Amino acid sequence: MSKKYPITVSSWTLGDQCKFEERVIAAKEAGYEGIGLRAETYVDALNEGLHDEDILAILDKHGMKVTEVEYIVQWAENNRSYEQKYKEQMCFHMCELFGVNHINCGLMEDYSVEHTAQKLKELCQRAGKYTIGVEPMPYSGIPTMKKGWDVVKASGCENAKLICDTWHWVRANQPIDLEVMKDIPADKIVSIQINDVWERPYAKSILRDESMHDRLAPGTGIGTTVPFVKMIKEKGIEPKAVGVEVISDAILAKGVKEAAKHTYDNTVKVLKEAWPELLED
């Protein structure tokens with residue numbers, strides 16, 4: 001297991017119906033070093049009656065850490081809801097609580113590069129010492145790495161970076177080739193998320209449904225994960241977390257322990273082939 005680049009089971013991989021300790025145990029038994037939490041799954045833990053000190057005690061009891069925090073959205077709106085403002089502050093609190101230094105962020109709304117960059121700058125200022133990781137998604141306002149980099153670069157913020165996700169990369173019809181990232185410095189990629197895809201995508205109008213319900217474990221689809229990870233390694237990227245984000249109704253239907261084991265075991269197969277150093281202590 002990599003201590004430098006923790007193999008992390010992303011929040012959605014284990015769904016939102018399990019108890020916090022159940023999530024931690026499933027991840028630990030599968031072999032993961034870290035778990036990801038969304039603001040919602042953190043609040044779910046609080047709603048169980050847990051306090052921050054209880055959450056930290058459970059993590060310590062099982063030798064686990066939170067290594068991925070997400071997900072700030074709607075940050076480019078001129079008039080944001082209190083819910084989104086509060087969610088953003090919750091993510092900052094989670095970073096402080098768990099010692100995580102980056103937050104995954106997405107943007108569904110489509111604005112110009114100039115407007116988006118200005119709003120990203122404002123978000124980065126509010127984030128302070130934390131890194132804002134912008135995740136391009138094909139059905140979003142930042143569909144490609146190109147627009148993502150245009151926005152991050154134009155923001156002028158040192159703590160504005162990008163996240164690379166296999167599923168989003170492939171479904172944006174970007175070749176798995178270093179050429180796509182030729183203008184992006186390696187240190188401007190803060191983390192990665194890995195998974196795999198079916199050969200045939202959902203229709204464009206419902207592509208987000210595929211993303212949220214029908215992803216595949218790394219290496220179990222059309223074979224995009226190994227070349228994707230090799231590309232990341234060759235670029236010289238040092239991901240703060242290697243998130244395994246496999247959002248799948250079918251996999252999760254087998255239970256959180258099986259979902260954790262299935263995704264971790266297949267991740268190990270991919271990393272042994274593509275980046276074996278990640279599995280070393």
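This passage describes the annotated domain, the nonpolar cores, two helices, selected buried residues and the cysteines of a predicted model.

The UniProt record, an unreviewed entry, places the feature "domain: Xylose isomerase-like TIM barrel" at residues 26-263. Over residues 26-263, helix accounts for 43% of the chain and strand for 15%. The C-alpha atoms at the two ends of this stretch are 11 Å apart.

The largest nonpolar core comprises 80 residues. Within this core, the residues with the most contacts are Phe20, Tyr32, Ile35, Phe98, Leu120, Ile132 and Met181. Helix 11, spanning residues 256-274, gives the most to this core, contributing eight residues. Another core, of eight residues, lies apart from the largest one and has Tyr71, Val73, Trp167 and Val197 among its members. The surroundings of Ile35 illustrate the packing in the largest core. When residues up to four places away in sequence are not counted, Ile35 touches Thr8, Val9, Phe20, Arg23, Val24, Ala27, Leu59, Met64, Lys65, Val66, Thr67 and Glu68.

Several of these partners belong to helix 1. The buried residues of helix 1 (residues 20-30) are Phe20, Arg23, Val24, Ala26, Ala27 and Ala30. These residues lie on the same side of helix 1, because the arc they cover around the axis is only 165 degrees. The elements against which they pack are strand 1 (7-9), strand 2 (34-38), helix 2 (39-47), helix 3 (52-61) and helix 11. Gly31 follows helix 1 and has a positive phi, near 125 degrees.

Helix 3 has its own set of buried residues, namely Asp52, Ile55, Ile58 and Leu59. Their arc around the axis is only 125 degrees, so they fall on the same side of helix 3. Glu53, Asp60 and Lys61, on the other side of helix 3, are exposed. The cover over the buried residues of helix 3 includes helix 1, strand 2, helix 2, strand 3 (65-72) and helix 4 (82-98). After helix 3 comes Gly63, with a positive phi near 65 degrees.

Strand 2 contains Arg38. With a relative accessible area of 6%, Arg38 is buried. A polar contact of 3.4 Å links the side chain of Arg38 to the side chain of Ser11. Leaving out residues up to four places away in sequence, Arg38 touches Trp12, Asp16, Glu70 and Met94 as well as Ser11.

Two further buried residues are located in a loop. Tyr139 is found between strand 5 (131-134) and helix 6 (145-155), and Ser140 lies in the loop between strand 5 and helix 6. Tyr139 counts as buried because its relative accessibility is 18%, under the 20% cut-off. Beyond its neighbours within four places in sequence, Tyr139 is in contact with Met108, Trp167, His168, Leu207, Arg208 and Ser211. One of these residues, Ser211, is joined to Tyr139 by a polar contact of 2.9 Å between the side chains. Tyr139 and Ala172 are separated by 33 residues in sequence, and their C-alpha atoms are 8.3 Å apart in space.

Ser140 is buried as well, with a relative accessible area of 11%. The side chain of Ser140 reaches the backbone oxygen of Met137 at 2.7 Å. A polar atom of the Ser140 side chain also lies 3.0 Å from the backbone oxygen of Ile142. With residues up to four places away in sequence not counted, Ser140 touches Leu107 and Met108. Met108 is thus found in the contact lists of both Tyr139 and Ser140.

The structure holds zero disulfides. For Cys91, the closest cysteine sulfur is that of Cys95, and the distance of 7.0 Å between the sulfurs is too far for a bond. Cys91 is buried, its relative accessible area being 0%. The sulfur of Cys157 has its closest cysteine sulfur in Cys124, and a bond is ruled out because the 4.2 Å separating the two is too far. Cys157 also counts as buried, at 10% relative accessibility.

Note on methods
Residues are numbered from 1 along each chain as its sequence is written. This is a predicted model: local features need pLDDT of at least 70, side-chain atom pairs count only at pLDDT 80 or more; totals for chains, interfaces and linings use all residues. Side-chain values use heavy atoms; hydrogens and water are left out. Helices (H or I, at least four residues) and strands (E, at least two) are DSSP runs, numbered from the N terminus. Buried means under 20% relative accessible area, exposed over 50%, partly exposed in between (1.4 Å probe, protein chains only). Contact means heavy atoms within 4.5 Å. A polar contact is a pair of N or O atoms within 3.5 Å; within protein, one must be able to donate a hydrogen and the other to accept it, and residues adjacent in sequence count only if both atoms are side-chain atoms. A nonpolar core is a set of buried Ala, Val, Leu, Ile, Met, Phe, Trp, Tyr and Cys residues joined through side-chain atoms within 4.5 Å. UniProt positions are given in the numbering used here, feature names are shortened, and annotations may be inferred rather than shown by experiment. The arc is that of the directions from the helix axis to the C-beta atoms. A disulfide is a pair of cysteine sulfur atoms within 2.5 Å.
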